[in-house]
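Hello,

Here is the structure I promised to pass on to you. Please have a look, and then read my notes underneath.

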Amino acid sequence: MKTRKDLLILSFMVMLLSFFIVKCFDKQRIGYDIGVATSAYKIQELISQLKALQETNRQLKEGLRQKEAVLNKYEAEATEKLYKGEEVRKQLEQARVLAGLTDLEGPGVEIILNDRKKDTIMPEEHYSISDFIVHDIDLLEVVNELKAAGAEAIAINGARILATSRISCGGPTITVGANQRFAPPFVIHAIGDPNALADYFKRPDSIYHILTFYGLEFSIKKLDNVKIPRYYGKVDFNYAVPVEGGE
């Protein structure tokens, strides 16, 4: 009888233990489900955050692209202005060179032209004394031959020769330019190809042969560097004006 009672107690305890074990499994299953639900929500939230970040990234890239486009435009405009400014500066510099308003230097020649020495004139020579001195037309011929030989800049005794410069007789002197008077010797400097400039006077009809025939001093020296000063006088154009395009 006592054994049966113990068996009943043991059975009850087994049932009670089984009940608690089942409850424990139920709790684990419920917790597992809650965890799955929480992870899915978190994933969805992260996906939303990722999409928001991707959208923000896209907007930032678009903003950067627009700012780069504006910057490129400003750079192009600045470059164009600098290019145009440099082109204008070069054109002005070239205009000053052509107008003779800039000191120049370069290879060229030095010509010294002088009257014939009195002690070399023989009494039996039947020429006028005027044939033995340098005239304005002689200087003009020398300048013209230098120009024909390709001289890019010319000066007589330091006076820059321009397209409007005159070379005229002033009695015992020669007037060069506006009002500069020089007496011999005349030192003429020209910038250009030294060989071309010097060889031009070897032509049979060159002024060189005429003047040396009469015994005038006429020396030509090739130089590696010739310095010619700018023109310091006024250059006025009161009547000549540029022709407008299309006229």
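Below is what I found in it.

This is a predicted model, in which local features need pLDDT of at least 70 and side-chain atom pairs count only at pLDDT 80 or more, while totals for chains, interfaces and linings use all residues. Residues are numbered from 1 along each chain as its sequence is written, and side-chain values use heavy atoms, with hydrogens and water left out.

The protein chain has 4 helices and 8 strands (DSSP runs, H or I of at least four residues and E of at least two, numbered from the N terminus). In sequence order they read α-β-α-β-β-β-β-β-β-α-α-β.

An open, antiparallel sheet is built from 5 strands in the order E3-E2-E7-E1-E8; strands pair if DSSP finds at least two bridges between them. Strand E3 (159-160) and strand E8 (217-228) are its edges, each pairing on one side only. Inside the sheet, E2 (residues 153-156) and E7 (residues 186-191) are joined by 4 bridges, and Ala153 sits opposite Ile191 in E7.

As for packing, 22% of the 247 residues are buried (under 20% relative accessible area, 1.4 Å probe, protein chains only). The largest nonpolar core (buried Ala, Val, Leu, Ile, Met, Phe, Trp, Tyr and Cys residues joined through side-chain atoms within 4.5 Å) has 28 residues, and Leu139, Val142, Leu146 and Ile156 have the most contacts inside it. Helix H2 gives this core its largest share, 4 residues. A second, separate core of 5 residues includes Ala153, Ala155, Ile191 and Val226.

Best wishes

Terms used:
Buried means under 20% relative accessible area, exposed over 50%, partly exposed in between (1.4 Å probe, protein chains only).
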